[in-house]
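The following paragraphs walk through a set of helix contacts and then a pocket. Please keep the model open while reading.

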Amino acid sequence: MASSTVIAINVDREGVALAPPYSSKSQKKKLDRFYCQPIVSILKQKPMNGHDMRKVIHSVKVGVALVLVSLLYLLGPLYKRVGENAMWAIMTVVVIFEFFAGATLSKGLNRGIGTVLGGGLGCLGAAFAQAVGGVGKAMVVGIAVFIFGAGATYTRQIPNIKKKYDYGALIFILTFNLVVVSGLRADQVLELARDRLATIVMGFAICIFISLLIFPIWAGDELHHSLISRFEDLARSLEGFSKEYFENDNHKEKKSNANFSGKCKSILHSKAKDESLVNFARWEPWHGKFGFSYPWGKYLKIGEDLRDLAIIILSLKGCHDQSSEILEESVKEACEGIVASLAWTIKELGESIKEMSKCRYEEMIVPKMKSVRIEVSAIVNPFALGTYLENSDGLGIASFVHSLMKMVEKLEELAKEVEELGQLGGFHESS
């Protein structure tokens, strides 16, 4: 039976742990090792990667922004000028400061547009209600709240508006209702709206200054690197598929190559991330190699083609499992060469986007695809229709060859999209 050591920890009247009494040096060593273990485990953690470092930078930037905007409360002269409206500046920083610079700029502009429109129309509605007076004042406010609230809510459900301006429509509804309803009781509604707008602009200015000028984190860079990594993952997946199924090695390690299915499945779930990053990147100013009119929309089409390729690669595994060893040996060398050519093409396209150089579509991609088509046709010829019908595994090899042909067609479409991206994005000529 395993033995256990019980360590008694003394506490004072307030429940605070006291230094334990040591009956021997050995017990003291055990207790020191017990208390130091959490510290040692923290020190043994792996160093932070680039993404973790960006999280730390973003957290520090948010903290600095909150300190700066809190000065509106902490410093007497500033507080005398803005008063209690300083809370709107703090609220603005908390709400609009996002991880990516484009997301911060998008939310900030949406908040600004929604606040100006909502505040302006709210002031007009409140002024008109006060001019009517009496019982009609409440009726005017109620009708205005219903019309603008219902109209803005319906607008939020339009797909194109929801993607880019959903937050602005929400702020419009909030600001309009606050201003037009408070205008019933407040005599100086215009001054109140002006002061609140001024503090919101202060918070927005602090966010934009810190987000864009101090270690900016660009959504465009994240999208660009994410797309390149997917090209590399697809190429490695094809290479892993080739090693797992075509290499004649009795001692090969399938575990090292079995993760190609996981990489393909992760690519299939990248659509939402792509759409979000493209939306943020379109708001970002000129930075690095990405200009104002950079064709971010092309990344969505390229990402869709990559997801289609990932589906085909996953289907290759299922088709191959249906074929027998005899059929596999007869076409193994040809299939291995075809898969290697397809992996090379994917790498070449990914490299052209990474280096932002125009892909050599007519010079290298088209000839490579033509040779692959010839090789695939050579596989089909020895296995005529009668052979497929006689062999129980004929359906598997036929599906496998069909998937290869689909991959060739999809790669040609992908190469055209990459070529158009190079033309629209101003990529330099490849050497």
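**Helix packing and the main pocket**

Helices α5 and α7 cross in a right-handed sense. The model is a predicted one, and the description starts from this pair. Helix α5 covers residues 101–132 and helix α7 covers residues 159–182; their axes lie 7 Å apart and the packing angle is about 30°. Angles under 35 degrees count as roughly parallel, so α5 is roughly parallel to α7. In the contact of α5 with α7, 11 residues are nonpolar, 10 are polar and four are charged.

Helix α5 also packs against helix α6, which spans residues 135–156. Here the angle is about 155°, with the axes 7 Å apart. Because angles over 145 degrees count as roughly antiparallel, α5 is roughly antiparallel to α6. The crossing of α5 past α6 is right-handed.

A further partner of α5 is helix α4, residues 86–96. The two helices pack at about 140°, and their axes are 9 Å apart. That angle makes α4 oblique to α5, since the roughly antiparallel class is reserved for angles over 145 degrees. The crossing in which α4 passes α5 is again right-handed.

From these contacts the description turns to the largest pocket. Its volume is about 400 Å³. Which elements give two or more residues to the lining of the largest pocket? They are α5, α7 and α12, the last of these covering 271–281. Helices α5 and α7, which pack against each other, thus reappear in the pocket lining.

The lining of the largest pocket comprises 19 residues. Nearest the pocket centre are K163, K164, E275, S276 and N279. Sorted by class, the lining holds seven nonpolar, five polar and seven charged residues.

Where does the largest pocket lie with respect to domain 1 and domain 2? Domain 1 runs over 51–213 and domain 2 over 219–425. Both domains give residues to the lining, so the largest pocket lies between them.

Note on methods. Residues numbered from 1 in each chain as written. Predicted model: local features only at pLDDT ≥ 70, side-chain atom pairs only at ≥ 80, totals over all residues. Heavy atoms only, no water. Axes fitted to C-alpha atoms, helices over the stretch in contact; angles between N-to-C directions. Helix = DSSP H or I, 4+ residues; strand = E, 2+ residues; numbered from the N terminus. Parallel < 35°, antiparallel > 145°, perpendicular 65-115°, else oblique. Left-handed = near helix turned anticlockwise from the far one by under 90°. Nonpolar A, V, L, I, M, F, W, Y, C, P; charged D, E, K, R; others polar. 1 Å grid on protein atoms, 1.4 Å probe; cavity = no way out; pocket = protein on both sides within 12 Å on 5 of 7 lines; lining within 4 Å. Points joined across faces, edges and corners; volume = space filled by probe spheres on them. Domains from an automatic or database assignment.
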